[in-house]
Amino acid sequence: MDMQALLQQAQQMQQQLMSAQEELDDAKVEGTSGGGLVTVTVSGRGQIEDIKIDPSAIDPEDTAETAQTIADLVLAAVRDAETAVEELQQEKMGPLAEGMPGGGMPGGGMPGLPGF
């Protein structure tokens, strides 16, 4: 195996990884629930950035029930957003892992270099 070619390949993969990470930093995804009553905006890295609750979700006649309903809707919207982030991360990072010897899985590929 040509060590120089291997090092060049590793450098290319590192650059692609950094590029994919930058794209994730800039990306925003949304999760919704209750037919749009709650919307959660999450960064491509999975950080919650915004939560919007439609005022029509609030019933002033039954605040206790409304509070629980809103909590449930927020949780559902967060889970929806997490799913969208996972899909985005797989889209951006998945091809890089597939290109690594051993599929990028820990312990695979090059001895002494987990993940390669």
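**Exercise 1. Find the glycine with a positive phi in the hairpin of E2 and E3, then work out how the two strands pair.**

Step 1. Four residues sit between E2 and E3 in this hairpin, and Gly 46 is the one to pick, with a positive phi near 95 degrees. Strands here are DSSP runs of E with at least two residues, helices are runs of H or I with at least four, and both are numbered from the N terminus. Keep in mind that this is a predicted model, where local features need pLDDT of at least 70, side-chain atom pairs count only at pLDDT 80 or more, and totals for chains, interfaces and linings use all residues. Residues are numbered from 1 along each chain as its sequence is written, and side-chain values use heavy atoms, with hydrogens and water left out.

Step 2. Now the pairing: E2 and E3 (residues 48-53) run antiparallel and are joined by five bridges. Two strands count as paired once DSSP finds at least two bridges between them.

Step 3. For one bridge, start at Val 40 and cross to Ile 51 in E3. Ile 51 is partly exposed, at 39% relative accessible area. The cut-offs, with a 1.4 Å probe and protein chains only: buried is under 20%, exposed is over 50%, and partly exposed lies in between.

**Exercise 2. Do the same for the hairpin of E1 and E2.**

Step 1. This turn also has a glycine to look for: Gly 34 has a positive phi of about 60 degrees, and four residues separate E1 from E2.

Step 2. E1 and E2 pair in the antiparallel sense, this time over six bridges.

Step 3. Walk along E1 and read off partners in E2. Glu 30 bridges to Thr 41, Gly 31 to Val 40, and Thr 32 to Thr 39.

Step 4. Put the two hairpins together and you get an open, antiparallel sheet of three strands in the order E1-E2-E3. E1 and E3 are the edge strands, since each pairs on one side only.

**Exercise 3. Sort the side chains of E1 and E2 by the way they point, and say which are buried.**

Step 1. Here's the rule to lean on: in a regular strand, side chains alternate between the two faces of the sheet.

Step 2. In E1, Val 29, Gly 31 and Ser 33 point to one face and are buried; Lys 28, Glu 30 and Thr 32 point to the other and are not.

Step 3. In E2, Val 38, Val 40 and Val 42 go one way and Thr 39, Thr 41 and Ser 43 the other, yet all are buried. That fits the tally for E2 (residues 38-43), where six of six residues are buried.

**Exercise 4. Explain why Ser 33 is classed as buried, and list what it touches.**

Step 1. Locate it: Ser 33 belongs to E1, residues 28-33.

Step 2. Ser 33 counts as buried because its relative accessible area is 9%.

Step 3. Leaving out residues up to four places away in sequence, Ser 33 touches Val 38, Leu 73, Val 74, Ala 76 and Ala 77. A contact means heavy atoms within 4.5 Å.

**Exercise 5. Compare how far Asp 26 and Glu 87 each are from Gly 44, in sequence and in space.**

Step 1. Asp 26 is in helix H1 (residues 3-26), and Glu 87 is in helix H2 (residues 63-99).

Step 2. Asp 26 is 18 residues from Gly 44 along the chain, with 6.9 Å between their C-alpha atoms. Glu 87 is 43 residues from Gly 44, and the C-alpha to C-alpha distance is 9.8 Å.

Step 3. Check their exposure too. Asp 26 is exposed, at 64% relative accessible area, and Glu 87 is exposed at 53%.

**Exercise 6. Write out the order of the elements and give the overall numbers.**

Step 1. Count up two helices and three strands, which run α-β-β-β-α from the N terminus.

Step 2. Of the 116 residues in the protein, 28% are buried.

Step 3. Take the contacts with a separation of 6 or more: 44% of them involve residues 24 or more positions apart.
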